[in-house]
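Me: Before I use any of the labels attached to this model, I would like each one traced back to its criterion.

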Amino acid sequence: MPTKRTVLKAAAAAALVACGTPAARANDFTMKIGFATMNDIQHQWGTWMKEGIESRSSGRIKVELYPRNQLGTIASQIEGLQLGTVEAFTSPADFFGGIDPRFGVFSIPVLFKDMPHAERVLLDPELNKEILSLGSNRNVQVVSVYTFAFANYFGKQPIRSLDDFKGKKFRVNATPAERAKMRQLGGTAVPMHLSEVIPGLQQGVIDGTQSATAVYVNLKFNEISKTLTESNDTMVVSVGAVSRAFLNRLPPELRQIVIDEGAKVQARMMARSRELDEQMRKRWVENGGEWLRFSEADQARMRQLLGGIGEEVTKDNAAVNAFYKRLLSIAQKP
């Protein structure tokens with residue numbers, strides 16, 4: 001027979017569990033992270049966020065990764081962030097332009113000289129703070145910004161010179177900067193979801209596209225064409241965002257863990273993005289692919305054609321223009 005003391009101890013233990021001891025709070029919250037791609041730098045962001053958040057929260061937040069748009073289209077996942085049905089999402093900043101047009105500034109061409117230059121600019125303390133505040137008035141909390149890679153041109157027919165853009169239809173992410181770029185190059189911009197690009201190429205809806213090498217390798221674009229053209233005119237910049245509705249459901253200490261992990265991983269992500277891009281470039285060649293580069297004359301001509309786009313596409317919105325000029329000012333520092 002249990003003694004009275006034993007019964008009292010058991011009752012006290014049960015009361016502690018009911019009140020929320022650490023054991024009872026395990027996996028109190030689930031944080032779904034969605035993204036459109038797979039096995040790339042965006043997947044890496046999700047993996048490192050999962051590791052950091054689950055470790056620091058002692059398992060109270062369970063993080064689940066959903067690549068290849070398993071949670072819906074890019075647009076629906078961003079809407080889910082605002083509604084609180086998707087806890088976190090990462091993608092090129094362009095896609096958040098409907099929330100705040102300042103997100104589209106990153107796709108302005110000839111902003112960055114190379115990846116280390118882009119890293120220095122994006123991690124500038126004041127600019128980084130401003131970037132992480134974008135979308136906060138629309139129920140979205142940006143916690144990370146990081147380089148994906150320079151975008152390269154892909155065409156069903158090889159793009160060997162600037163003249164090869166003329167009269168061609170190229171898929172874009174629909175930002176004003178991308179539309180203006182295609183117009184300056186003599187082509188037509190066609191906004192299109194990533195999942196529609198390969199069918200669009202096969203059916204002749206588009207003639208080409210521009211994206212990071214990882215996209216071409218992972219989605220096997222080499223089965224359509226073997227050539228990529230390197231121009232280094234536009235950097236793909238991604239952001240990692242968390243639903244403010246989800247953050248507001250978390251206790252303060254867990255909320256801070258999510259925000260801190262996002263900020264902490266930024267520099268690590270940028271270094272990793274360079275490594276992954278180099279690996280993907282090698283894989284493109286190993287898979288039978290070929291790299292093309294414009295002549296020096298075409299490179300100079302391209303920079304001249306694209307140099308005025310930043311002012312052109314931002315001049316009618318004071319907030320966007322001011323953000324662009326701040327970014328440009330930092331980019332131009334020696």
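What follows is a set of questions about those labels, with the values behind them.

Me: What should I know about where the values come from?
Reply: This is a predicted model, in which local features need pLDDT of at least 70 and side-chain atom pairs count only at pLDDT 80 or more, while totals for chains, interfaces and linings use all residues. Residues are numbered from 1 along each chain as its sequence is written, and side-chain values use heavy atoms, with hydrogens and water left out.

Me: How many helices and strands does the protein chain have, and what makes a run of residues count as one?
Reply: The protein chain has 14 helices and 11 strands; these are DSSP runs numbered from the N terminus, with H or I over at least four residues for a helix and E over at least two for a strand. The C-alpha atoms fill a box of roughly 90 × 45 × 35 Å along the principal axes.

Me: Why is helix 4 described as largely enclosed by the rest of the structure?
Reply: Buried means under 20% relative accessible area, exposed means over 50%, and partly exposed is in between, computed with a 1.4 Å probe on protein chains only. In helix 4 (residues 115-122), 6 of the 8 residues are buried, so the helix is largely enclosed; the buried ones are Met115, His117, Ala118, Glu119, Val121 and Leu122. Their cover includes helix 5 (125-131), strand 4, strand 10, helix 11 and helix 14 (318-331). For the protein chain as a whole, 52% of the 334 residues count as buried.

Me: Why is alanine 322 called partly exposed?
Reply: Alanine 322, which lies in helix 14, has a relative accessible area of 27%, and therefore counts as partly exposed. Its C-alpha atom is separated by 9.5 Å from that of arginine 102, although the two are 220 residues apart along the chain.

Me: Why is the pair of phenylalanine 106 and phenylalanine 323 called edge-to-face?
Reply: A pair of aromatic rings is described by the distance of the centres and the angle of the planes. Rings of Phe, Tyr and Trp (its six-membered ring) pair if their centres lie within 6.5 Å, and planes under 30 degrees apart count as stacked, over 60 as edge-to-face and the rest as tilted. The structure holds 11 such aromatic pairs. For phenylalanine 106 and phenylalanine 323 the centres are 5.9 Å apart and the planes stand at 80°, so the pair is edge-to-face. Phenylalanine 106 lies in the loop between strand 3 and helix 4 and phenylalanine 323 in helix 14, so the pair ties together parts that are 217 residues apart in sequence. Phenylalanine 106 counts as buried at 1% relative accessibility, and phenylalanine 323 is buried at 0%.

Me: What makes the pair of phenylalanine 165 and phenylalanine 170 tilted?
Reply: Their centres are 5.3 Å apart with 50° between the planes, and the pair is tilted. Both phenylalanine 165 and phenylalanine 170 are buried, and ring pairs link them with Tyr153 and Phe294 into a cluster.

Me: How do you know that lysine 32 and glutamate 87 make a polar contact?
Reply: A polar contact is a pair of N or O atoms within 3.5 Å; within protein, one must be able to donate a hydrogen and the other to accept it, and residues adjacent in sequence count only if both atoms are side-chain atoms. The side chains of lysine 32 and glutamate 87 are joined by such a contact at 2.9 Å, and a polar side-chain atom of lysine 32 also lies 3.4 Å from the backbone oxygen of threonine 85. Lysine 32 belongs to strand 1 (residues 29-34).

Me: What makes a space count as a cavity, and how many are there of 30 Å³ or more?
Reply: On a 1 Å grid over the protein atoms alone, a cavity is a set of points where a 1.4 Å probe fits but cannot get out, and lining residues have an atom within 4 Å of a point. Grid points are joined across faces, edges and corners, and a volume is the space filled by probe spheres set on the points. A search of the whole structure finds 2 cavities of 30 Å³ or more. The largest cavity holds about 340 Å³, and of its 27 lining residues the closest to the centre are Pro92, Arg171, Asn173, Ser211 and Val236. About 50 Å³ lies in the second largest cavity, where helix 11 gives the largest share of the lining, 4 residues.

Note on methods. On a 1 Å grid over the protein atoms alone, a cavity is a set of points where a 1.4 Å probe fits but cannot get out, and a pocket is an open set with protein on both sides within 12 Å along at least five of seven lines; lining residues have an atom within 4 Å of a point. Contact means heavy atoms within 4.5 Å.
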